[in-house]
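Visitor: I have a chain on the screen and a few questions about its build. Can you take me through it?

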Amino acid sequence: MSASAWDGEPGTPLEEKEEISEDYKHDSAICSGTSEIKSRAVVKYSAAPPPTSYALLQEKTDLKLPPANWLRENPQLGSAGTTVLGSSSKSKPFSSFGMAYDFIDCIGDDVDVVSDSENIKKLLKIPYSKSHVSMAVHRVGRTLLLDELDIQELFMRSSQTGDWAWLKDFYQRLIDQKWQRKKKSKEHWYQKAILSKFLYYSINGDGAAEHVTDDLNEGQEENEAQEEFSSSWPTTFTSQSSDAEESDAPKQEPVSVDINFALGQVTSVPKEQNLPTLFNEGENSQGLRNDFVRSIMWTFEDIHMLVGSNMPIFGGGRYPAVSLKLRDNNKPINILTGIDYWLDNLMCNVPELVMCFHVNGIVQKYEMIKTEDIPHLENSTFSTRVVKDIAQNILSFLKSNCTKEGHTYWLFKASGSDIVKLYDLTTLCEEAEEEKCQNPFTLPVAVLLYKVASNLMLKARQNRKHYGTIRTLLLNCVKLLDQDRHPQIIASAHYMLSELFQLDEPPEEDEGESLRAGGSEDSYSDDDGEEEDEDLTEDSNDNGSYSSSPKDDSKAVAVIRSVGELSVPEKYKSTHLIRPSCAFPVSQDKEERCRHVLSCVLKGLKAVDGSIKKESDLPAADPNTPIPLKYEDRSANAACAAEKEISLLLERVEPLQMDQKHPTRSGMIPGSWQHRMKLQLFLKASKAYYVLSDAATNLLKYGRALRYIKLSLQCYDAYCSVSGALLPQVLQFHSQCLSLCGDIQLMLAQNANNRAAYLEEYSYQTKEDQEILHSLHRESSCQAFNMATDLAMDPEYQLFVSSKCYEASYELLVSEALKDHTSEQLAQVLKRLGNIRNEMGVYYMNQAAAMQTEKDVKKSVSVAEQEMWKKSFAFFEKGMKDFEAIGDSTNTALLLCNTGRLMRICAQAHCAVSADQSRGEFSPEEALYYNKAIDYYLRAMKSLSSRESHPAVWDSVNWELSTTYFTLATLLQDYAPLSRKAQEQIEREVTEAMMKSLKYCDVQTESARQPLYQYRAATIHHRLASMYHSCFRNQVGDEHLRKQHRSLAELHYSKAVCLFLSLKDAPCELLRTLLERVAFAEFTMAGQSSSAAKLKSLTGAIEIMAETRFAFRLIHKELLDEQAELSEAGGESPEAAGGPSSALNLEEVMKLIGVFEPSFSFLLLQLIKLMTTMKRKPSNKDEEMLKTYKSVYSRLLRAEKKAPLPSRVELYIDLLQQLCPQTAADDTGTHQA
């Protein structure tokens, strides 16, 4: 035996026969001859209690007399007993939608058909029946929804309300020109009544019969026709009210009172994916409830159907599940009755049928029949394989022709006709120029599309393959609805469309995937299904006769020419692709995606705005008129005045905690659907504009970026205006907006040259932006962030605004609402705060330096300069604290380095000026500030700890520290404070500073600064050598100290020469150092008395002088290069060669030559004199050298003093080369180590 139908599990086989395959042991299999029909029924939901045994009525029981419990509510019978007398004798027109809403997971892909079981039976009996068929068909993905379209009731309604008048005209013109209301016969109501009484007797066999007067029966019968008409068709989804009230309903509430939209907050947080939904769970939405006792997933061969059934099922004993039927013994069972009973049992997985036979209401006997035997009953034999073919053909026909989602199709067969036609009522309605809301199916279809999309949206969070399907569903939903009547669904749909476009990354391109089966909800509704007798012959109680008309075919979408075709296997095949064009439109361009989002947001806002009845006191604004985005040229003083605006900015930043109770500016009631939807749309628009702004920033389009961030903050301002409290995620996003705004203002300050282009970008507005702004202004003035987003012309003000944006962002992140959410974001904002404070410190430092250079005469430090220093220092201090808070040692070192530079500027400003405007002695203030600078540089080095941490910053700090020591030593040496300190003390300080500078001169590491370090090291050695040279000359008395100074001078001169020789681009410095060294040797010789000692000193001096040839070679080369450049340029005067572009200082060269010639001449003369007057006999070598000296001296004396400089330099090289022939082969010299 089969498992019972109420346990929700798949059925087991009926009493097994040899033909049943083990492969289908979980299916209910019915055999007809050698062919097997596969059927499987799974109860998704059942409102009926477990079946109880039926009462076997005694023979001669009179069913015309009612039992004591008649018409009392009984869960065992459900609607089958209580409603047979009228109110729901016909299935409700939207019964399939009620089931679809309950099992939304199945809709779109898993299920082929959703319908009342009575409609399924009626379709499968088409080839056998002459009765009319009239059904509405709707498509959602792969699923078809079938509902009875009662033409009689529809046209009765049309005559009262005017709805469907176009369809009535069409029907009368093409199908039945003489349509009139048909009434049910008394026989019909009599059969209904005794069936009801029979069922009540069956559950209460011992109850006493009660006599019911004929008057009562007649009264009931008269009311039945009225009830039947009035209850089945709800009035276009409004509340249960009179027709007069219904006509006014759209003016007050465009959506049904019964259709309460539960719009949850839709955020991008994966844990709370609450999407907008249309109905509260279990809500009676007048016609959209699932009123069936059972909702069954029925698989008939390869067709998957979600079927609603109200058939009473009894059980108990050896028959756990049986269906109970009442038959007139005088009427034989026909084929239609057989198919009806067979399909009922298959759908409900009931293995046996119990028939009670009566004659004129008097019970005669009972008979039990197995379900698989029903097709072989006498007078009602039929082929189950043919029924299967009919089912497959009808499904294929409908799927091939009902191709448009959202359209209402009408499947119609007139009584007595063999032709079945399919019409597209939506297209006919449009052709009739009727409003689309005149079609009562419009809203249920739209709601179903919306619900399927909402359900898929939850899955789409994990799988973007659904995006194309969702988009198609929502677009079709919006297309169906009138914005004035259904703004809530339209606004919600547009919001969901905007959610499909990922703003942070490009979505994957793919098509929608299948949906999977889901849960269920309470349901109940339908008829007892005992009208098979009236189907066999042409029924005078049905919708008129068939009138063939050739012009009818032109309006039909498709036609089945003969119902006999449906019995031919695979006569119709479905060729239509499910949603062939539902691929999601993916764009890699971030701006294009944001524009899609904003377009959806704008449509949603328009729908919401149109539904708000109370107009605000705002002056009417034209959405096509641009709202000006002002820019201001602010002076530096304006920063103080802006403090008031800053307080406004910070107020708007504070998390809102108040509960709004009063209507908003536009008249929205807090908590209403308009209120909730606007919050989501405002926030979505703000995020889209933020992404646009960020993209424009990356493209260096800072004017455009500022315009977008202004719009983003205006959307946020409007959001705050209508929001009672701000969620942490919203506050976090707002912090990002402020941070980006700060970035943009900083970039504008740093790129002042392109201000005209930025202004043009900033002033441009699209029509879409204007319309969104117009909607924002209905709720808020949007002025809170003007200060932060205005395009100012003053860099100082822009830096000020940038810093305030970062500060506001920081205050938000450390607020109570966000303290546990934003550690990573807080570090980024602190880094930006440190950076902007560094920028402002540098700005004010440069201002102070500019003031210093602009002064014509060196005066005392001005108050303005001191203000600049204080501002700069304060910003550097704050910036260091910000970087220290996040452990950023590199940036801390950079700010310490900048503070050191500020101290050097302060030192330069305190430079003493004497009465004649010349540079005075090195002042104590200068020393103080230079030492402070050194302290900051040393702190920077300590912050970095080693060069490996950040080589570039380390090298920069190292260079600055060396420079500061060098500058300090140079100023001490050149402008010695002799009025305050002793010479020896100054010399010690100079030496100490020079040696420290030398310590930080990294001459070994290869880098861009290596030549600079080498030059500085050479200069330091030269200066130290000069100082010791001077001390040696001026020192009297202490011979030991003189020797020490002489030794140190020699050492530093030697090192300076080596370093200058290695540079190859400092010939003047090399020449000067060598000449000073020669002078040092001459001074040493002057103090000697013996000839031998003098000769040795002179020979050493002449060797040093010979080294000057390397310097002269470099000078000669540069002179020739300059001459070549001059000849190419058109032969300018030689003086021009010493201009700013020349690397060689000719004036310096001439000065040095003026020292070189007499010194060289003097040395040669002294050597010649000394060698000729020597008492000892000269050797051959001495004679040769004397001869050379005389020759060189002779040529030097005869040299033309007015000869061109290159010629003179060439002569010197030649003469110097003669003095050292042994090095002739080594032109580069031996001192280049």
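Visitor: How many residues of helix H2 (residues 95-102) are buried?
Guide: This is a predicted model. Buried here means under 20% relative accessible area. The list in H2 includes Ser95, Phe97, Met99 and Tyr101, and also takes in Asp102. Helix H2 is mostly covered, and its buried count is 8 of 8.

Visitor: What share of the chain's residues count as buried?
Guide: The chain has 1233 residues. It holds 40 helices and 16 strands. The buried share is 55%.

Visitor: Which strands are the edges of the sheet that runs E8-E9-E10-E11?
Guide: The sheet is open, with 4 strands and mixed pairing. An edge strand pairs on one side only. That describes strand E8 (313-314) and strand E11 (362-370).

Visitor: In which sense do strands E9 and E10 pair?
Guide: E9 covers residues 322-328 and E10 covers residues 352-359. Ser323 stands opposite Leu353 in E10. The two strands share 7 bridges, and the sense is parallel.

Visitor: Which helix lies across E8, E9, E10 and E11?
Guide: Two helices come into question here. Helix H9 (residues 335-347) lies across E9 and E10, at about 165° to E9. The other spans residues 186-203 and runs at about 135° to E9. The helix across E8, E9, E10 and E11 is H6.

Visitor: What percentage of contacts join residues at least 24 apart?
Guide: The count takes contacts in the chain between residues at least 6 apart in sequence. Among these, the share joining residues at least 24 apart is 77%.

How values were computed:
Residues numbered from 1 in each chain as written. Predicted model: local features only at pLDDT ≥ 70, side-chain atom pairs only at ≥ 80, totals over all residues. Heavy atoms only, no water. Pairing = 2+ DSSP bridges. Contact = heavy atoms within 4.5 Å. Axes fitted to C-alpha atoms, helices over the stretch in contact; angles between N-to-C directions. Buried < 20%, exposed > 50% of the residue type's maximum accessible area, 1.4 Å probe, protein only.
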